[in-house]
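Work through the exercises below with the sequence and the model side by side, trying each task before reading its solution.

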Amino acid sequence: RGGGPAREMGPSMVQALWSLPFQTGQGCDTARGTLKQMEEGEINIFTSALESRIIAGHPEIYIPFREGLLALMRSGRKEIAERVIAQRAKRLSQYGESLHVKEPNVKETAGGLRDYHTARWLLCLLHDIPLGSRSDLPALVSREGWLSLKSGLAFLTRVRNQMHLESGKR
């Protein structure tokens, strides 16, 4: 959907990344189209958009998108939170709800990276934390809790990255 320079530029950017080789998915839509999908309940689009931030480009394109996303967060806070929690329950029913499994999926099982992401998404949603920002998260938990969370996240990330390197898989 949509048109313009972004639609034309998207495929060439993905091809350039693939030639590095850098594996990525692709999708291209307008800010309005993305917001519409989120309004229709596309929770994966919402959580991806929640992580968005401007790195380069035109703020006049990003700022209205961010404002629309914040408005959507405020107006549908409860419904969005329920969808995020339901998505977690579905994931855990597939990958395991126990923290104690012999061969955990570092990303998807209980206590894995996706649980960290889910908690961060819910905190952002419930506290109107600026999108793409981690700076306000430490204020929402104790210092000890924040240090423990950072340490655990660093460990899981190292384990996952090492597994990718050793297996040669994405």
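**Exercise 1. Determine the order of the secondary structure elements from the N terminus on, and how many helices and strands there are.**

Solution. Reading from the N terminus, the elements of the chain run α-α-α-α-α-α-α. The tally is therefore seven helices and zero strands, where helices (H or I, at least four residues) and strands (E, at least two) are DSSP runs, numbered from the N terminus. This is a predicted model, in which local features need pLDDT of at least 70 and side-chain atom pairs count only at pLDDT 80 or more, while totals for chains, interfaces and linings use all residues. Residues are numbered from 1 along each chain as its sequence is written, and side-chain values use heavy atoms, with hydrogens and water left out.

**Exercise 2. Find what share of the chain is buried, and what share of its contacts joins residues at least 24 apart.**

Solution. Of the 170 residues in the chain, 28% are buried, a word that here means under 20% relative accessible area, with exposed meaning over 50% and partly exposed lying in between (1.4 Å probe, protein chains only). For the second part, take contacts (heavy atoms within 4.5 Å) between residues at least 6 apart in sequence; 56% of these join residues at least 24 apart.

**Exercise 3. Locate the largest nonpolar core and state which helices supply it.**

Solution. Begin with the term: a nonpolar core is a set of buried Ala, Val, Leu, Ile, Met, Phe, Trp, Tyr and Cys residues joined through side-chain atoms within 4.5 Å. The largest one has 22 residues, and those with the most contacts inside it are M38, F46, F65, L69, M73 and I80. At least two residues each are supplied by α2 (31–39), α3 (43–50), α4 (59–75), α5 (77–95) and α6 (113–127), and the largest share, six residues, comes from α4. As a general background, nonpolar side chains tend to be buried together in soluble globular proteins. To follow one member of the core, look at F65, which, apart from neighbours within four places in sequence, is in contact with A31, T34, L35, M38, A49 and S52.

**Exercise 4. Describe how α5 packs against α6 and how α3 packs against α5.**

Solution. Two packed helices are described by the angle between their axes and the distance between the axes. Axes are lines fitted to C-alpha atoms, for helices over the stretch in contact, and angles run from 0 to 180 degrees between N-to-C directions.

- Step one: α5 and α6 pack at an angle of about 175°, with their axes 10 Å apart. The two helices are therefore roughly antiparallel, since angles under 35 degrees count as roughly parallel, over 145 as roughly antiparallel, 65 to 115 as roughly perpendicular and the rest as oblique.
- Step two: the contact of α5 with α6 is made up of eight nonpolar, three polar and five charged residues, where Ala, Val, Leu, Ile, Met, Phe, Trp, Tyr, Cys and Pro count as nonpolar, Asp, Glu, Lys and Arg as charged, and the others, Gly among them, as polar.
- Step three: the axes of α3 and α5 come within 10 Å and cross at roughly 105°, so α3 is roughly perpendicular to α5. Here I43, N44, F46 and T47 in α3 meet I80, R83, V84 and Q87 in α5.

**Exercise 5. Examine the salt bridges: how many are there, and which parts of the chain does the pair R120 and E51 tie together?**

Solution. A salt bridge is a side-chain nitrogen of Lys or Arg within 4 Å of a carboxyl oxygen of Asp or Glu, and by this rule the count comes to six.

- R120 and E51 form one of them (2.2 Å, N to O). R120 lies in helix α6 and E51 in the loop between α3 and α4, so the pair ties together parts 69 residues apart in sequence. R120 is buried at 7% relative accessibility, and E51 is buried at 19%.
- D115 and R88 form another, with the closest N and O atoms 2.8 Å apart; D115 is in helix α6 and R88 in helix α5, 27 residues apart. D115 is buried at 14%, whereas R88 is partly exposed at 31%.
- R91 also forms a salt bridge with E108, the closest N and O atoms being 3.7 Å apart. R91 is in helix α5 and E108 in the loop between α5 and α6.
- Through shared partners, salt bridges join R88, R91, E108 and D115 into one network.
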